[in-house]
Amino acid sequence: MRPPAMLRWAAVALALALAALLVAAPAAAFYLPGVAPNDFQKKDQLLVKVNKLTSTKTQLPYSYYSLPFCKPNTIVDSAENLGEVLRGDRIENSPYVFEMREPKMCQIVCRAQVDDKQAKDLKEKIEDEYRVNMILDNLPLVVPIARQDRDAVVYQGGYHVGVKGQYAGSKDEKVFIHNHLTFLVKYHKDETTELSRIVGFEVKPFSINHQFEGQWNDKNTRLITCDPHASKLVTNSDTPQEVEAGKEIIFTYDVGFEESDVKWASRWDTYLLMTDDQIHWFSIVNSLMIVLFLSGMVAMIMLRTLYRDISRYNQLETEEEAQEETGWKLVHGDVFRPPENSDLLCVCVGTGVQFFGMLLVTMIFAVLGFLSPSNRGGLMTAMLLTWVLMGLFAGYASSRFYKMFKGSEWKSITLRTAFLFPGIAFGIFFILNALIWGEKSSGAVPFTTMFALVLLWFGISVPLVFVGSYLGFKQPAIEAPVKTNKIPRQVPEQAWYMNPAFTVLIGGILPFGAVFIELFFILTSIWLHQFYYIFGFLFLVFIILIITCAEITIVLCYFQLCSEDYNWWWRSYLTSGSSAIYLFLYAGFYFFTKLQITKLVSGILYFGYMLLASFAFFVLTGTIGFCACFWFTRLIYSSVKID
């Protein structure tokens, strides 16, 4: 295929895939987080939306209306972007009616009678500590909890469906549902225009066994247990509502409004406060100082040693001196010999370049504030789209190295680059999604979204990989600074500490040590449903990771070449890539020490996704180490005189 035709085909495929993506996963209107406030006048209607039910014990989200909660006349799904769908968000309207700055007390939502199945579902969800998530003006609902140790208030996302407890004087444990909600909407009012902006959305849940007078009437029933006319409001759960089949549950709510000094631009600050922020700062700074100190020492040693080696090699004048030379110069005729499975190495490097570009661009956008937590699903959507577009660089990198290794079938290497890692990732994701679907969880990705993902892959990523590969293969081959001997040199017997397995495992410790502290907060945000927002620190840790991967790989590669072992290609990739082993082991440690997952399916989901994350981390760090080592070997062998 001629280049113009290929480029036209890629452009058409890109346009079609983007159009199909818009149809399959409609997104909300684009805005910059923090630049699109909503102003409300007094008595304006406020739309309260419900989101998924979540639990840190099962990691399986469910739709709000999967439980026998009160429903509006018509359930309307909100438009969600691709990231929200993949996160399992299911945003729908609710029967709760708020009017701006108009308090309401003891409002009856509905009366529901639960059957055997509904009672069983409620009990299971309460046992698994499921939380109800709601949204008002793009703010998530939180429960304020007073901390005695630091005289402050912390906030937990969503309220528990119910609790387990005992009646006074009884030892039998019962299950109670939170059927009365006391909402508090905080607002910031403009004194000149009298317009208000919502800056907080809180709730205190109660369990109350409501009683009423006379016959039930949906509109005019007066409750005995909650009556604003008699100044009787719900302030505790002394008479809780038990969950039992055949029993009726009356759902009620209060809503109050409180003026706040917090401005709209700062309304997310409360939600993003971390209870261990001091530990976070101290750990990051401590890790940064240690890594920078080690990096400085390594760089100084390498520069001094290399300078001495190059000076000594270049001063060898006689033939006898040249024959007696030892060290890394001795293997100059074999050091650039193509390795075994060079095609696979090219594919891995190309995929690593794709990951590197995705993370770099995504983190830049996140640091600039485009991917703040207020833009739900924005981070995942950005990562997916950036990954797809970086296919251009993946194809270019893999074909450049492939041509350097004297390869000629560029289409073959292109196909493997386009399908190897995405195919493995999609296979694991499909199996895990089938398990979620089997649990009837709302976290299962719908068919339309699956189709959109496949379309992104085949319609955009694959054509871009082909374009990048074609452009890379058209470039002149990368020339080695020294000639390669026709007959490979025999590698002498190595000392035990230069064993490949030993050096590879040792090499992964430092890169993992540079990120494991930040890794704790990332895992906490993912699996304990907390907000992650310190992208500036994350970007700094990413830079530290690049430096440590490069330096530890260069050091061990230098020692390997000094031992006259020229098989550095794959070992340089595996040296820094082995940090993924420690990442997966740490994920197991985190699972058993921080999480309370008991279900088999939930455990499979956790380790399945962490295996996928570790694989991606292996490809990324391995590529960084390989590229650094490739630059290093070309540099040192071009700096000495080879006879």
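This note goes through the disulfides, some buried cysteines and one helix of a predicted model.

1. On the number of disulfides, the model contains two, counted with the criterion that the paired cysteine sulfur atoms lie within 2.5 Å. When the bonded cysteines of the protein are numbered in sequence order, the pairing reads 1-3, 2-4.

2. The disulfide of Cys-70 and Cys-110 has its sulfur atoms 1.8 Å apart, and the torsion about its S-S bond is -80°, a left-handed link. The two cysteines belong to distant parts of the chain, 40 residues apart, with Cys-70 in the loop between strand S1 (45–54) and helix H2 (82–87) and Cys-110 in strand S3 (residues 104–113). As for the surroundings of this link, Cys-70 has a relative accessibility of 5% and therefore counts as buried, the cut-off for that term being under 20%.

3. The other disulfide joins Cys-106 to Cys-226, with an S to S distance of 1.9 Å. Its handedness follows from the torsion about the S-S bond of Cys-106 and Cys-226, which is about -90°, so this link is left-handed. Because Cys-106 lies in strand S3 while Cys-226 lies in the loop between strand S12 (196–206) and strand S13 (248–259), the pair ties together parts that are 120 residues apart in sequence.

4. Are Cys-106 and Cys-226 buried or exposed? Cys-106 has a relative accessible area of 9% and is therefore buried, and Cys-226, with a relative accessible area of 2%, is buried as well.

5. Further along the chain, two other cysteines deserve a remark on accessibility. Cys-549 has a relative accessible area of 0% and so is buried, while Cys-557, at 3% relative accessibility, also counts as buried.

6. Turning to helix H8 (residues 378–389), its 12 residues reach 16 Å from the first C-alpha to the last, which is close to the 16 Å expected at 1.5 Å a residue. The buried residues of H8 are Gly-378, Thr-381, Ala-382, Thr-386, Trp-387 and Val-388.

7. Which helices do the buried residues of H8 pack against? Their partners are H2, helix H7 (342–367), helix H9 (391–404), helix H10 (410–438) and helix H11 (447–474). Helix H2 thus appears in two places in this note, once as a partner of the buried residues of H8 and once as the element that follows the loop holding Cys-70.

Definitions and conventions
Residues numbered from 1 in each chain as written. Predicted model: local features only at pLDDT ≥ 70, side-chain atom pairs only at ≥ 80, totals over all residues. Heavy atoms only, no water. Helix = DSSP H or I, 4+ residues; strand = E, 2+ residues; numbered from the N terminus. Buried < 20%, exposed > 50% of the residue type's maximum accessible area, 1.4 Å probe, protein only. Expected span 1.5 Å × (residues − 1). Contact = heavy atoms within 4.5 Å.
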